Amino acid sequence: MSLAILALTVSLAAAVPQASLPVRAHALVVTNNRSLDLSRPDLHYADDDGAKYADLFAENLGEGRVTLLTEFDAETRALAPRWAGRARPPTLENVRGAVDELSRAIAAEKASGEHVELYVVFAGHGDIDHGQGYVELQDGKLTARGLEDDVIRKLPADRIHLLLDSCNSY
């Protein structure tokens with residue numbers, strides 16, 4: 001790196017107010033190719049998206065700050081060996097377990113004075129039932145109410161960024 005680029009980098013970094021940068025961040029990525037409705041075709045790329053999101057967050061936050069819940073197909077296992085051994089199935093129980101783990105980690109970081117941000121990603125099938133949106137996990141529906149009560153409200157982060165990539169998830 002040339003001295004001019006280094007000086008520019010340092011001056012730009014110094015110009016960014018430190019309070020605007022999160023001190024700690026975590027990511028929970030949940031993707032699912034299959035539908036609970038057997039008449040609905042499987043998706044082909046939600047698991048690929050999960051690997052890509054995990055890579056993106058790991059690059060920016062560190063691999064240990066990324067929780068990935070997905071079931072890779074054979075093709076994606078070969079493309080994402082880094083995550084194949086770490087991913088857990090996208091079940092309601094595993095979402096609850098991941099939320100509990102993240103909640104404890106976030107609470108500890110906040111207790112030590114850290115500002116904590118969280119990125120939550122869901123990708124897969126979604127729909128609406130009786131006016132309530134939901135995303136489909138391997139073993140059940142995570143409704144909008146469940147997402148709010150069982151995920152978002154249980155995570156004490158200072159800021160939560162929620163990304164939903166599903167049809168009709170309301």
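This passage walks through a predicted protein model, from its overall make-up to one small sheet, a few single residues and the salt bridges.

The model is predicted, so local features need pLDDT of at least 70 and side-chain atom pairs count only at pLDDT 80 or more, while totals for chains, interfaces and linings use all residues. Residues are numbered from 1 along each chain as its sequence is written, and side-chain values use heavy atoms, with hydrogens and water left out.

The protein chain contains six helices and seven strands. Here helices (H or I, at least four residues) and strands (E, at least two) are DSSP runs, numbered from the N terminus. Following the sequence, these elements appear in the pattern α-β-α-β-α-α-α-β-β-β-β-α-β. Of the 170 residues, 37% count as buried; buried means under 20% relative accessible area, exposed means over 50%, and partly exposed lies in between (1.4 Å probe, protein chains only). The chain has an accessible surface of about 9,600 Å², and carbon and sulfur atoms hold 54% of it. Such areas come from the Shrake-Rupley method with a 1.4 Å probe, and for residues only the protein chains shown count as cover. Contacts (heavy atoms within 4.5 Å) tell a story of their own. Among those between residues at least 6 apart in sequence, 70% join residues at least 24 apart.

A good place to look next is a sheet of three strands. In general, strands of a sheet pair through backbone hydrogen bonds, either parallel or antiparallel. In this model, three strands form an open sheet in the order β4-β5-β6, with antiparallel pairing; two strands pair if DSSP finds at least two bridges between them. Strands β4 and β6 (141-143) are the edges, since each pairs on one side only. Neighbouring strands of the sheet are turned by 35 degrees against each other on average, direction ignored. For such angles, axes are lines fitted to C-alpha atoms, for helices over the stretch in contact, and angles run from 0 to 180 degrees between N-to-C directions.

The pairings can be followed residue by residue. Four bridges join β4 to β5, and one pair of partners consists of aspartate 129 and glutamine 132, the latter in β5. Three bridges join β5 to β6. Across that pairing, valine 135 faces leucine 142 of β6, and glutamate 136 faces lysine 141 of β6. A hairpin of four residues connects β5 to β6. Helix α6 (residues 144-151) lies across β5 and β6, running at about 80 degrees to β6. Strand β5 is mostly covered, with four of its five residues buried.

The hairpin between β4 and β5 has two residues between the strands. One feature of this turn is histidine 130, in the loop between β4 (126-129) and β5 (132-136). Its phi is near 55 degrees, a positive value in a residue other than glycine. Histidine 130 counts as exposed because its relative accessibility is 80%.

Alanine 80 is also a loop residue, placed between α3 (74-79) and α4 (81-84). With a relative accessibility of 9%, alanine 80 counts as buried. Apart from neighbours within four places in sequence, alanine 80 is in contact with Ala51 and Phe72. The C-alpha atoms of alanine 80 and aspartate 48 are 8.2 Å apart, although 32 residues separate the two along the chain.

Finally, the structure holds 14 salt bridges, each being a side-chain nitrogen of Lys or Arg within 4 Å of a carboxyl oxygen of Asp or Glu. One of them joins arginine 40 to aspartate 127, with the closest N and O atoms 2.7 Å apart. This pair links distant parts of the chain, 87 residues apart: arginine 40 sits in the loop between β1 (24-32) and α2 (46-61), and aspartate 127 in strand β4. Another salt bridge connects aspartate 55 with arginine 82 (3.4 Å, N to O). It links helix α2, home of aspartate 55, to helix α4, home of arginine 82, across 27 residues of chain. Aspartate 55 is partly exposed at 28%, and arginine 82 is partly exposed at 40% relative accessibility. Both belong to a network of salt bridges that links Asp55, Glu63, Arg82 and Arg86. A further bridge joins arginine 153 to aspartate 149, with the closest N and O atoms 3.8 Å apart. In this pair, arginine 153 is exposed at 59% relative accessibility, whereas aspartate 149 is partly exposed at 30%.
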